[in-house]
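Visitor: I'd like to learn how to read charged pairs, cores and empty spaces in a model like this one. Could you walk me through it?

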Amino acid sequence: MDKNEIKIALFTDTVCDANGVSRFLQDMSKEALKKDIKLNILSSTVKTYCDSLNNLHIFKPFFKIKMPFYKELDLVIPPAFKMAKKFKELNPDVVHISTPGIIGLTGLLIAIRYKKPVLGTYHTDFPEYLYKNTNSRIVKKITAFYMRLFYKRFKALATRSKDYIQNIQNTVKLEPKNIFVLTPGTNIKTFDPKYKDETLWERYNLNPQFKKYLYVGRLTKEKNVDLLFDIWEKFYLKSSLKQSYLIMVGSGELEKHKERLKNYNIIFLGHKQKSELSSLYASSNIFLFPSTTDTLGQVILEAMASGTPVIVTDKGGPCEIVKGSPNDIGSIIDIKDESKWIDTLCKIENGTTDIDKQSINSFEYAQNFSITNTFESFMEFHLNFKDFKQR
């Protein structure tokens, strides 16, 4: 079957949220439209951080609450019969499930009802996320048990990085021959150094001469943002210059500390999207990402494409991206090694680190990670799924 003939119905619990997975799925939708490929995304939400696209089908939920232990995402009851009706109308050859939430479960049940093969992408390490948010091993075990049950009927799973193959084996109990690694990528036209804006910081009443350290993502414990705040406070107290800002883009429970953290030049900007987000990336000096549980870290690719060097931890998908660079594009540091984080931040502030060279290297390296390449990899995954068991 040719890729222009195959029909895919993708179910996801997150597509109109302000996060990397949502931006990734919207970019994939746009690639499908450009190439006239029959990829249709089905979801249910009241959030609006998404464009109106012909292949994006959003259904109003019957009911929604904040997800327990994960309040940045909604837990919704979707109109299952309406979704099933649209599914029947689309008549896909294969179902792709992007998330293991209620909408993902709805998609799985619809696929079983209509006897369609099911594939998926392991975007989020939910057992580890919930453990970091609750410190409860019981919650982690229950979540891991649910994940095993949920993915039991899947023919194969895609992961965004090789680093997570072992994790999928351990959590989902899926054999390596049924795990496919998607080529990582982002929209390198949306994120680009050309969006650098010299007047941006003045509009936020920030000193344009100070160094700007940027974080984009949920402001939550599972992203280790609390540890980043601790590191930054110690760095700020040690700094002799006091000429740096930590710019936080996103929302979450840790926003409650923003008034106190202003004293350490930590600035909270809330959600940003489209051109303003592109400008924030391109106008910052360095990107900080303290997470150890991301399967890829879409924001890392967005930062690099914007010509912004990165500092990541030594666990998860982001360090795999940074390790793969033939040139210096930033640093990989154990999140527990506070002294190395502080020393690295000090060297950037006082000009010892050549971040201009890192910026050039980051941009050049990011050109290998276009969303077009990822889309081609995604289509290969679906066209070849029957061969997985023979691998």
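Visitor: Let me start with one side chain: is Glu-222 buried or exposed?

Guide: Keep in mind that this is a predicted model. Glu-222 is buried, with a relative accessible area of 0%.

Visitor: Which residue does Glu-222 form a salt bridge with?

Guide: The general idea is that side chains of opposite charge can pair when their charged atoms come close. Here the partner of Glu-222 is Arg-218, with 3.0 Å between the closest N and O atoms. Arg-218 is buried too, at a relative accessible area of 14%, where the cut-off for buried is under 20%.

Visitor: How many salt bridges are there?

Guide: The count comes to 18. Take Arg-260 and Glu-233 as another case: their closest N and O atoms are 3.2 Å apart. Arg-260 belongs to helix H9 (residues 258–261) and Glu-233 to helix H8 (residues 225–238), so this pair ties together parts 27 residues apart in sequence. The two ends sit in different surroundings: Arg-260 is partly exposed at 41% relative accessible area, while Glu-233 is buried at 13%.

Visitor: Which salt bridge links distant parts of the chain?

Guide: Look at Glu-376 and Lys-35, whose side chains meet in a salt bridge at 3.7 Å, N to O. They are 341 residues apart: Glu-376 is in helix H15 (residues 371–383), and Lys-35 is in the loop between helix H1 (20–34) and strand S2 (38–44). Glu-376 counts as partly exposed, at 28% relative accessibility, and Lys-35 is partly exposed as well, at 27%. For something beyond a simple pair, try Lys-30, Asp-51 and Lys-274, which are linked in a network of salt bridges.

Visitor: On to the nonpolar side. Which residues touch the most other members of the largest core?

Guide: In soluble globular proteins, nonpolar side chains tend to be buried together. In this model the largest nonpolar core has 63 residues, and Phe-287 and Met-304 touch the most other members. H8 gives this core its largest share, 7 residues.

Visitor: What does Met-304 touch?

Guide: Leaving out residues up to four places away in sequence, its contacts include Val-310, Ile-321, Ile-329, Phe-363 and Phe-369. Ser-362 and Tyr-365 are also on the list. Apart from the largest core lies another, of 28 residues, with Phe-59, Met-83, Ile-103 and Tyr-151 among them.

Visitor: What about enclosed space: how many cavities of 30 Å³ or more are there?

Guide: Just 1 by this rule, with about 60 Å³ of space in it. Its lining includes Asp-13, Asp-17, Lys-47, Asp-74 and Ile-103. Strand S5 (residues 70–77) supplies the largest share of that lining, 3 residues. By class, the lining divides into 3 nonpolar, 3 polar and 4 charged residues.

Visitor: And open space: which residues lie nearest the centre of the largest pocket?

Guide: Those are Ala-18, Asn-19, Gly-20, Val-21 and Arg-218, out of 35 lining residues. We met Arg-218 earlier, in the salt bridge with Glu-222. About 580 Å³ of space lies in this pocket. H1, S5, helix H4 (126–134) and helix H11 (298–305) are the elements that each give two or more residues to its lining.

Visitor: How many residues of each class line the largest pocket?

Guide: The lining has 13 nonpolar, 13 polar and 9 charged residues.

Conventions
Residues numbered from 1 in each chain as written. Predicted model: local features only at pLDDT ≥ 70, side-chain atom pairs only at ≥ 80, totals over all residues. Heavy atoms only, no water. Salt bridge = Lys/Arg side-chain N within 4 Å of Asp/Glu carboxyl O. Helix = DSSP H or I, 4+ residues; strand = E, 2+ residues; numbered from the N terminus. Buried < 20%, exposed > 50% of the residue type's maximum accessible area, 1.4 Å probe, protein only. Core = buried A, V, L, I, M, F, W, Y, C linked by side-chain atoms within 4.5 Å. Contact = heavy atoms within 4.5 Å. 1 Å grid on protein atoms, 1.4 Å probe; cavity = no way out; pocket = protein on both sides within 12 Å on 5 of 7 lines; lining within 4 Å. Points joined across faces, edges and corners; volume = space filled by probe spheres on them. Nonpolar A, V, L, I, M, F, W, Y, C, P; charged D, E, K, R; others polar.
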